[in-house]
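Please look over the sequence and the coordinates below before reading on. The paragraphs that follow go from the arrangement of the chains to the domains, and then to a sheet and the core.

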There are 2 protein chains.
Amino acid sequence: MIEVVGVDGDDTLWHSETIFSVTHDRMRALLTPHCAPSVLDERLLATERRNLRYFGYGVKGFVLSMVETAIEVSEGRVTAGEVAAILDAGKAMLDHPVELLEGAREALEALAGRRRLVLVTKGDLFDQESKLARSGLGELFERVEVVAEKDERAYRRVLSAVGVAPPSFAMVGNSVRSDVLPVLGVGARAVHVPYPITWALEDADPGAAAGRYEVLDDLRGLPAALARLDDP
Amino acid sequence: MIEVVGVDGDDTLWHSETIFSVTHDRMRALLTPHCAPSVLDERLLATERRNLRYFGYGVKGFVLSMVETAIEVSEGRVTAGEVAAILDAGKAMLDHPVELLEGAREALEALAGRRRLVLVTKGDLFDQESKLARSGLGELFERVEVVAEKDERAYRRVLSAVGVAPPSFAMVGNSVRSDVLPVLGVGARAVHVPYPITWALEDADPGAAAGRYEVLDDLRGLPAALARLDDP
């Protein structure tokens, strides 16, 4: 029986990667005088990967990596006005209205009161709490766990803080790497709800885990998927 | 009887404001071609204040505000090389060795096993967890709560998560605004350990709260201060 349901935020409850993607497109256009779009994509990804150990996940780190990449690809010719445009794009991301995914509210409302709900998300703490507040879903969650990295250690800590045994916990999210593999790794259950876009650094092959978790098109099927996990 | 002790991280357990201050000095020197140091100070503080609602607290927001201020004060004449120097200074801050304050380790070791210890800190989650890990103090804490803002609502949530009544909780920290006033506001106890430098946006007048909390020169006096709070 699944007692506690962990739910991811970005690209599971609300759109996020589309906002990164739109900003990325704007940056490509902005930096066209300095470099080809495909070069920018490659260099930005390399910068983000290199900077993960400093910045972790989230918009602020993305903006800092974007400025760094702009300086690099332009060989120092990027203008202050262009850098200012990057900073503005970052603030627009942080200020972007929270747009819920299809079925998100209905699924959580159907579960609330029957299962304990915990938001388990990563990225900037301040930004994540702000998005949850603006989503109007805050009241449905028993608690919120923003973690620096969604690995097995983080899930073990969350389960212990919530007071639930792994077989009674299911995680729901869009990322095989963050919401599925480490959750199966600690002996809990997972429901994968893919999002149309996956950030390259979030990509993962399920490998031997394929078939060991539920896969849904959208959150409308969540109550039924959890019922299947209750009674395997 | 104080059962649970909340302990702040930055400028309570380890040096932080001195690192911001050294970086700030470097920025003053770097931007001398564009503006007078006093103008930079004033404009940077205004930018940080304006950006708090986007960035919250922490190094990444500081670096983004620094870049924004450099563009402003130079009227767009800041060079890509100067922006790159700001980004590098930010990474150096995030990579800076964690230097414990006088008496920090001894005080926590004296308390561990006798009181439940909880780290209650704000700023970038990723950076705070990294500092705690590098501090070598992680094992002494029962749990870590990184909050977006240290207000009464945050302390109520922490106390409820920890399972302690306000009169049995004491918070220890360097900031009257963040570690003392909201804690007294929820009916718990506080120990103020001032740090030589206080960031302008962290400043607060204790007002009517003066005399309602313990004040220490450094953490060596913490066990005795808590004993006084046990037995008022």
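By what turn, and with what shift along the axis, can chain A be laid on chain B? In this predicted model, a turn of 180 degrees combined with a shift of 0.0 Å along the axis places chain A on chain B with an RMSD of 0.0 Å. The two copies are therefore related as by a two-fold rotation axis. The contact between them draws on the same surface in both copies, since 100% of the contact residues of chain A recur in chain B.

Within a single copy, the domain assignment divides chain A into domain 1, which is made of two segments, 4-15 and 98-230, and domain 2, which covers 17-95. The centres of these two domains of chain A, taken over C-alpha atoms, are separated by 28 Å. Where they touch, domain 1 of chain A contributes 12 residues and domain 2 of chain A contributes 13 residues. Sorted by class, the side of domain 1 of chain A that touches domain 2 of chain A has 6 nonpolar, 2 polar and 4 charged residues.

Turning to chain B, we find an open sheet of 6 strands, in the order S3-S2-S1-S4-S5-S6, with parallel pairing. Strand S3 (143-147) and strand S6 (214-215) of chain B stand at the edges, and because each has a single partner strand, one side of each is left without a neighbour in the sheet. Strand S4 (residues 169-173) and strand S5 (residues 189-192) of chain B run parallel and are joined by 4 bridges. Across this pairing, Ala170(B) has Arg189(B) as its bridge partner in S5(B).

Ala170(B) also leads from the sheet into the core. Leaving aside residues up to four places away in sequence, Ala170(B) touches Ile2(B), Val5(B), Ala188(B), Arg189(B), Ala190(B), Val191(B), Leu226(B) and Leu229(B). The largest nonpolar core has 124 residues, and Ala170(B) is listed among those with the most contacts inside it, together with Val67(A), Val83(A), Ala170(A), Val67(B) and Val83(B).

What, by contrast, are the surroundings of Gly185(A), a residue of helix H8 (residues 176-185) of chain A? With 15 other C-beta atoms within 10 Å, Gly185(A) is partly exposed, because that count falls between the limits of 12 or fewer for exposed and 20 or more for buried. The C-alpha atom of Gly185(A) is separated by 23 Å from that of Ala224(A), 39 residues apart along the chain.

Note on methods. Residues numbered from 1 in each chain as written. Chains lettered and ligands numbered in written order. Predicted model: local features only at pLDDT ≥ 70, side-chain atom pairs only at ≥ 80, totals over all residues. Least-squares fit on C-alpha atoms with pLDDT ≥ 70 in both. Contact = placed C-beta atoms within 7 Å. Pairing = 2+ DSSP bridges. Helix = DSSP H or I, 4+ residues; strand = E, 2+ residues; numbered from the N terminus. Core = buried A, V, L, I, M, F, W, Y, C linked by C-beta atoms within 7 Å. Domains from an automatic or database assignment. Nonpolar A, V, L, I, M, F, W, Y, C, P; charged D, E, K, R; others polar.
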